[in-house]
Amino acid sequence: MKRILTIQDISCFGKCSLTVALPLLSAMGIETVILPTAVLSTHTLFKGFTCKDLSDQLTPITNHWKQEGITFDAIYTGYLGTEEEIDTVISIIKTFRNEHTLVFVDPAMGDNGKLYPAFDEHYAKKNADLCAVADLADPNLTEASFLTGLPYRETYTEAYIREMLLALANLGTKTPILTGVSLKEGKTGAMGYDTETKEFFSYQNDRIPAAYHGTGDIFSSVLAGAFVLGIDRTNALKVAADYTAQTIDETLKNPDNPWYGVDFEATIPALVSSLNELRQ
Ligand code: PXL
């Protein structure tokens, strides 16, 4: 069985970061080791959230793992807290990485042209150091614009997306993947660039006219898991994008659909079936 380490916060209530990554990766048949960077009462889009920073625990925990000889097939980072924490995470990646380790970075820090409440532009720029050590990084357009300094646009051409991907590749990411990319009216999906083969690749499905919190974490968790399972990049994008779209669809059917997150639990069986189909 493949083993992944995921490093992100625990938002106790709110269906994001570790409370999404752990169940999804486990359901995908991947042993999932967690390294919580902070414990929050809720995610930061709730007012009055509490936050206990766990940065000082990261090195002792990982030192113990090292002593125990624990290894990982992949390391997947999500929402982090501070610039110092980013440096600690980079050093953890360097400690545990070998030539087979897949490093997947979701530089979770904003959406819709804005940073999340806990972050400023300096923090946003610091995420470029993390993307520099990534095999795969999957920012949305907001995050990519803060990382690269290119302007954020709501309407754009494919040429803008390609330019953004090349700028992300310049940071050092081997395969940057931009999420929330609409290449045709009524469609949405993701587009990536492979710096080794110099190929662009993309996947688009129907855009569902609804925006929910936590969908970025769902997409990233499934995409990271699909790469860990060795699924080719086009099918990996398809599994992650289709699962995210299906989950939003399912959430819209719920008459009390929550604003703070999606009903991803209801669509886990469908995710498992789509993976089984790919394996046949
Ligand atoms: O979904 C990203 C995320 C993760 N963790 C925390 C957040 C957010 C987005 O707001 O606040 C704590």
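Helix 4 (residues 121-131) has a run of buried residues: Tyr123, Ala124, Lys126, Asn127, Ala128, Leu130 and Cys131. The model is predicted. One of these helix 4 residues, Leu130, is also among the residues that touch the most other members of the largest nonpolar core. The points below cover helix 4 and the loop after it, the nonpolar cores, the pairing of helix 2 with helix 3, and three further buried positions.

**Helix 4 and the following loop**
- Where helix 4 starts, the backbone nitrogen of histidine 122 has a side-chain oxygen of aspartate 120 within 3.2 Å.
- The loop between helix 4 and strand 8 (136-137) holds alanine 134, a buried residue with a relative accessible area of 2%.
- Beyond its neighbours within four places in sequence, alanine 134 contacts Arg97, Val103, Val105, Gly172, Thr173 and Lys174.
- Phenylalanine 104 is 30 residues from alanine 134 in sequence, with a C-alpha to C-alpha distance of 5.8 Å.

**Nonpolar cores**
- The largest nonpolar core has 46 residues, and those touching the most other members are Leu5, Ile7, Met109, Leu130, Ile161 and Leu178.
- Another core, of 39 residues, lies apart from the largest one and includes Ala74, Tyr212, Phe219 and Ala236.
- With residues up to four places away in sequence left out, methionine 109 touches Lys114, Leu115, Tyr116, Phe119, Tyr123, Ala124, Asn127, Glu143, Phe146 and Leu147.
- Among these partners of methionine 109 are Tyr123, Ala124 and Asn127, which are buried residues of helix 4.

**Helix 2 against helix 3**
- Helix 2 (residues 55-68) packs on helix 3 (residues 83-96) at an angle of about 10 degrees, and the two axes are 10 Å apart.
- Because angles under 35 degrees count as roughly parallel, helix 2 is roughly parallel to helix 3.
- The helix 2 side of the contact consists of Ser55, Leu58, Thr59, Thr62, Trp65 and Lys66.
- On helix 3, the residues met are Glu85, Thr88, Val89, Ile92, Thr95 and Phe96.
- Sorted by class, this contact of helix 2 with helix 3 comprises five nonpolar, five polar and two charged residues.

**Strand 2: threonine 32 and leucine 40**
- Threonine 32 belongs to strand 2 (residues 31-42), and leucine 40 lies in strand 2 as well.
- Threonine 32 has a relative accessible area of 17%, so this residue counts as buried under the 20% cut-off.
- A polar atom of the threonine 32 side chain is 2.9 Å from the backbone oxygen of isoleucine 30.
- Outside its neighbours within four places in sequence, threonine 32 is in contact with Ile4, Thr6, Leu22, Leu25 and Ser26.
- Leucine 40 is buried, at 4% relative accessibility.
- Not counting residues up to four places away in sequence, leucine 40 touches Asp9, Ile10, Ser11, Cys12, Phe49, Thr50 and Cys51.
- Aspartate 53 is 13 residues from leucine 40 along the chain, and their C-alpha atoms are separated by 8.5 Å.

**Serine 17**
- Serine 17 sits in the loop between strand 1 (3-13) and helix 1 (18-27).
- This loop residue, serine 17, is buried at 1% relative accessibility.
- Once residues up to four places away in sequence are set aside, serine 17 touches Gln8, Asp9, Ser11 and Asp217.
- Asp9 and Ser11 are among the contacts of serine 17, and Asp9 and Ser11 are also among those of leucine 40.

Technical notes: Residues numbered from 1 in each chain as written. Predicted model: local features only at pLDDT ≥ 70, side-chain atom pairs only at ≥ 80, totals over all residues. Heavy atoms only, no water. Core = buried A, V, L, I, M, F, W, Y, C linked by side-chain atoms within 4.5 Å. Buried < 20%, exposed > 50% of the residue type's maximum accessible area, 1.4 Å probe, protein only. Contact = heavy atoms within 4.5 Å. Axes fitted to C-alpha atoms, helices over the stretch in contact; angles between N-to-C directions. Helix = DSSP H or I, 4+ residues; strand = E, 2+ residues; numbered from the N terminus. Parallel < 35°, antiparallel > 145°, perpendicular 65-115°, else oblique. Nonpolar A, V, L, I, M, F, W, Y, C, P; charged D, E, K, R; others polar. Polar contact = N/O pair within 3.5 Å; in protein donor to acceptor, adjacent residues only side chain to side chain.
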